[in-house]
Amino acid sequence: MAACRRVLQSGRVRTLPSAAAGALHSRALSTALAPEQGGKHVPFGEAGTGAYTSLTKGCFDVIDRCKAIAEVAVDRALASRRAQGTSGSTPFTIADFGTADGGTSLPLMRSLVAQVRAAEPAAPIVVAYEDQAQNDWVSLFHLTQGSLPAEVQPPTYLDGSVDNVYVLASGTSFYNMCLPPGSVDLAFSATAMHWLTKLPCAIPDALHQACSSDATALAAFAEQAATDWRAIMLMRAAELKPGGQMVVANFAKDADGQFLGHTPGRVKQSMHHTFSELWLQVLTLTLTLTLHPNPNPNPNPNPNTLTL
């Protein structure tokens with residue numbers, strides 16, 4: 001499950017504890033990369049084809065449910081610009097963190113760009129996309145420019161309906177500063193910021209920590225998540241303009257213990273529990289074949305059957 005909420009307003013950064021505020025000040029201008037374990041969310045499919053967008057309906061649904069709160073956040077950012085006298089004279093910057101190929105957030109970005117343009121007819125609008133260096137950036141640029149086949153391509157804001165709009169990209173992890181200090185009006189992220197900087201420990205009884213019953217593992221993941229979330233908030237707080245807004249849709253457990261792939265109130269099967277069961281079967285079969293190999297080395301006469 002994904003929880004969508006407005007998590008940060010840069011005008012409230014002054015309420016951070018003094019230690020956190022000091023860390024924000026000392027790191028706000030630093031672009032040195034934080035240590036981070038690799039191998040997360042490796043792109044799949046042929047680069048430049050929009051494979052992620054074409055196979056990820058769930059993310060469209062999650063982001064669509066964020067539309068109302070994102071529109072409120074844009075209105076608040078616009079109001080702040082008016083109050084500060086910067087409306088229409090400086091770029092309105094929207095940043096999409098953990099964007100993948102950019103297609104799943106494209107309908108929302110198109111709507112928000114139109115909302116900004118209606119309020120500020122002359123202001124340049126910047127849509128900045130962030131993801132890992134190995135991301136499928138080719139698909140992102142094809143999708144934002146509307147150049148993929150119709151069965152893959154969502155509507156884009158670069159269709160001529162809105163002028164003076166610019167697309168930028170950053171291949172720097174969102175655990176670092178990705179954009180200049182005080183440059184972002186709206187930060188957005190959907191189903192991305194659950195990725196930790198590192199695996200805090202092995203999970204002894206599951207493939208996914210949300211399915212684990214091991215107290216030690218759960219405590220280690222909770223501690224790592226808290227540390228990483230604080231780092232994310234400090235980086236985004238430094239990037240936001242005064243009065244800037246941030247909206248995040250993140251994976252979460254609800255009060256009934258439901259989470260993505262485990263919603264017993266609606267679906268009997270649990271995705272991650274099933275993954276664990278299947279991989280355990282593969283492991284058991286592998287051990288069986290290793291300890292008790294087939295004593296008959298003769299080739300199987302029937303190519304359509306398998307003899308173990």
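Asp-101 is an acidic residue tucked away without a charged partner: in this predicted model, its position is buried, yet Asp-101 has no salt bridge. Look for the nearest side chain of opposite charge and you end up at Lys-57, 16 Å away. A salt bridge here would need a side-chain nitrogen of Lys or Arg within 4 Å of a carboxyl oxygen, so Lys-57 at 16 Å doesn't qualify.

So what does the side chain of Asp-101 make a polar contact with? One partner is the side chain of Thr-53, at 2.6 Å. The Asp-101 side chain also reaches the backbone nitrogen of Tyr-52, this time at 3.5 Å.

Where does Asp-101 sit along the chain? You'll find it in the loop that links strand 2 (residues 92-97) to helix 5 (residues 106-119). Setting aside neighbours within four places in sequence, Asp-101 touches Gly-50, Ala-51, Tyr-52 and Thr-53, among others. Its contacts also include Asn-135, Asp-136, Ser-139, Leu-140 and Leu-143.

Now zoom out to the whole protein chain. It has 8 helices and 6 strands, and from the N terminus on, the order reads β-α-α-α-α-β-α-β-α-β-β-α-β-α. Of the contacts with a separation of 6 or more, 77% join residues 24 or more positions apart. As for burial, 41% of the 308 residues are buried, and Asp-101 is one of the buried ones. On the outside, the accessible surface of the chain comes to about 16500 Å², with carbon and sulfur atoms holding 60% of that area.

Note on methods. Residues numbered from 1 in each chain as written. Predicted model: local features only at pLDDT ≥ 70, side-chain atom pairs only at ≥ 80, totals over all residues. Heavy atoms only, no water. Helix = DSSP H or I, 4+ residues; strand = E, 2+ residues; numbered from the N terminus. Buried < 20%, exposed > 50% of the residue type's maximum accessible area, 1.4 Å probe, protein only. Contact = heavy atoms within 4.5 Å. Areas by Shrake-Rupley, 256 points an atom, 1.4 Å probe, with all protein chains shown as cover. Lys, Arg positive; Asp, Glu negative; His and termini not counted. Polar contact = N/O pair within 3.5 Å; in protein donor to acceptor, adjacent residues only side chain to side chain.
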